[in-house]
Amino acid sequence: MFTVAVMFGLGVGLFVLLVAAYLAWSVLRLDAGNDKMKAVANAIQEGASAYLGRQYKTLAPFVVILLLVVGWFVGWLTAVAFLAGVFCSAAAGYVGMMVSVRANVRAAQAARNGLKDAFEVAVRGGAVTGMTLIGLGLLGVCTIYGALGDLGALIGFGFGASLISLFARVGGGIYTKAADVGADLVGKVEKGIPEDDPRNPATIADNVGDNVGDCAGMAADLFESYAVTIIAAMLLGVALGPQYVELPLIIASVGALAGAAGVFFVRLGGSKNIMHALYKGIIAAALIALIGFYAWFGTDINLLLASAIGIAVTGLIFVITEYYTAKDHAPVRGIAEAAKTGAGTNLISGLAVGLESTALPVLLIVAAIAASHALAGVYGIAIAAAAMLSLTGIIITLDAYGPITDNAGGIAEMAGLPPAVRKVTDALDAVGNTTKATTKGFAIAGAALGALALFAAFAEATHLTSVNVLNAGVVVGLFLGGLLPFLFSSFLMKAVGRAAFQIVEEVRRQFREIKGLMAGKAKPDYARCVDISASAALRELMVPGFIAVASPLVVGFLFGTEALGGLLAGVIITGFLLALMMANAGAAWDNAKKYIEDGNLGGKGSDTHKAAVVGDTVGDPFKDTAGPSLNALIKVVNTVSLVFAAAIAANALNLI
């Protein structure tokens, strides 16, 4: 089955990995700064590497159990593909993160030479994650399909990727927000010291968390979205003919090339507008992708338009998310104004913005679904989703840029670099906050469209032609599916709260017991806070993961495929809305705080600032733990259902 499309995909995958290797080399050959900078950077590297190692060891027994279950109930080829998906997803996050934690110190050193040099280091470091992700994704899907010619095995690959995505998002999210919340509550609110102050014992843990959450976690998340959307579109193409099965591979390959080219269009011009420079890369990638789509299937105007809809959704979701989360716009400034009367009004305003921010993305997705379905039916929706996710490489570049610049600022602060350096890293980090928010919007929208394609593939596999809400089993499934995102988010929010409590107590203890710490004459025990965050994340990630994997199996085997269809519909709808609300509210609270820290409404240390810090503290687990993890929940539930569809259809008890 090594057809032209498969060989093209393999070639593009290898090429993109070579681009990633070149970008990594171009960053790692740069000066890493003085010994003090290297010591801070090494502590971040060691913490991030140790956490991922412990995470993968913790997951190993769970992976082995699922490998045996898939092999026994579905087939051993699917089980092997499942293991390949686990490996590729884990590798995508690990490789990207290992470069990011080395790019951070080089970005800080480059900031000595000015904004342009530091910006280029951060972008190239982020691009390594993006290019590694799509390269491994294309190689994995094309190799399995080419060698086995078995679409069922490909579903196993998607399941493996989904599993790692879920645990990377959950574990990384708990880690990063426990440390961040703990550092902020004691450092900023109680002690009045700056973020990343070397006296704060939680500072290293906070910087480690940026990488395991925003870099490795997001990489695994979008790797899985990228892979399963391609696979779902291929499955839906079976009814139309062989060329339609392989078309998603072409779309993914063309998008990968476009994304790799887009990285080199990211240039900081004379205006010094960082966001515009980043957007130039996305616009260039989108235009190149559209040209490539036209060159490949320009005669099929319906599919060409469906792919254009997917590209358009990418651009529009960025515009919408930026409006609700960037400091320059009314929603964030309104939240900052609300902080003048205290934390309560700040929280109310942020929640209102988060709730409102769901409307435009939903209308956008509805319009995209309606238009692409009118053009080419359910397959058109899958093509739109595949085209959207084909730009994942350049999108992840912007996301991974964020933790690199955040860490660069932390290293500059802890190493005592001149204020001019911190001014450069602060400018980069301020934009990185917005890019992390906008890429989360992309990830959520991509999860929704990808899940719809998976749902359609599940319906075809089980011959489910409708979801009848007058059927009692379907109603049971709908309610349970609607419940899942809320229950799942509850576990994660409580996990962050428990872990943050431990961090707060530890930081307070060190300030109380280590003589001379507040005066800067003694060194804090950074390793203790790193260990608390890591232990809490690993302890808390298993229950939410078990819920995500077990719930579709329990509902399916007890109540049948129609009830399971109801569950999938419920989890897609409520998960999409709740993820949007949490991600946007959290980012808006964060940037409202930063707007005040820029000197507005009283500036740092004012009562308004303290109220905004409380809002940001609530928003942290919203935007970086629960919200992004819902992407993984939606896709895991759908992927598990698809993997076990035949077994459920044959063995369901149909109790209702």
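## Exercises on buried residues and a pocket

At 0% relative accessibility, Ala-612 counts as buried. The model you are looking at is predicted, and the exercises below walk through a few of its places.

**Exercise 1.** Find the helix that holds Ala-612, and list what Ala-612 touches beyond residues up to four places away in sequence.

*Solution.* Start with the helix: Ala-612 belongs to α19, which covers residues 607–643. Next, look at the contacts. Not counting residues up to four places away in sequence, Ala-612 touches Ala-339, Asn-346, Lys-593 and Ile-596. Finally, try a distance: Ile-320 is 292 residues away along the chain, and its C-alpha atom is separated from that of Ala-612 by 23 Å.

**Exercise 2.** Decide whether Thr-435 is buried or exposed, and find the backbone oxygen that lies 3.2 Å from a polar atom of its side chain.

*Solution.* First, place the residue: Thr-435 sits in helix α14, residues 419–462. Then use the cut-off: buried means under 20% relative accessible area. Thr-435 has a relative accessible area of 0%, so it is buried. Now turn to the side chain, where a polar atom of Thr-435 lies 3.2 Å from the backbone oxygen of Leu-398. Leu-398 also appears among the contacts of Thr-435, together with Met-275, Leu-278 and Tyr-401, once neighbours within four places in sequence are left aside.

**Exercise 3.** Work out where Pro-524 is found and which residues it contacts, leaving aside neighbours within four places in sequence.

*Solution.* Begin with the location: the loop between α15 (472–513) and α16 contains Pro-524. Its relative accessibility is 7%, so Pro-524 counts as buried. Then collect the contacts: leaving aside neighbours within four places in sequence, Pro-524 meets Pro-198, Arg-199, Pro-201, Gln-510, Ile-514 and Leu-517. As a last step, take Ala-202, which is 322 residues from Pro-524 along the chain; their C-alpha atoms are separated by 8.9 Å.

**Exercise 4.** Describe the second largest pocket: what is its volume, and which helix gives the largest share of its lining?

*Solution.* Start with the volume, which is about 390 Å³. Of the 18 residues lining this pocket, Ala-39, Ala-43, Ile-204, Lys-523 and Tyr-526 are the closest to its centre. Now sort the lining by helix: α2 (35–73) and α16 (526–540) each supply at least two residues. The largest share, 9 residues, comes from α2. To finish, sort the lining by residue type: 12 are nonpolar, 1 is polar and 5 are charged.

Conventions
Residues are numbered from 1 along each chain as its sequence is written. This is a predicted model: local features need pLDDT of at least 70, side-chain atom pairs count only at pLDDT 80 or more; totals for chains, interfaces and linings use all residues. Side-chain values use heavy atoms; hydrogens and water are left out. Helices (H or I, at least four residues) and strands (E, at least two) are DSSP runs, numbered from the N terminus. Buried means under 20% relative accessible area, exposed over 50%, partly exposed in between (1.4 Å probe, protein chains only). A polar contact is a pair of N or O atoms within 3.5 Å; within protein, one must be able to donate a hydrogen and the other to accept it, and residues adjacent in sequence count only if both atoms are side-chain atoms. Contact means heavy atoms within 4.5 Å. On a 1 Å grid over the protein atoms alone, a cavity is a set of points where a 1.4 Å probe fits but cannot get out, and a pocket is an open set with protein on both sides within 12 Å along at least five of seven lines; lining residues have an atom within 4 Å of a point. Grid points are joined across faces, edges and corners, and a volume is the space filled by probe spheres set on the points. Ala, Val, Leu, Ile, Met, Phe, Trp, Tyr, Cys and Pro count as nonpolar, Asp, Glu, Lys and Arg as charged, and the others, Gly among them, as polar.
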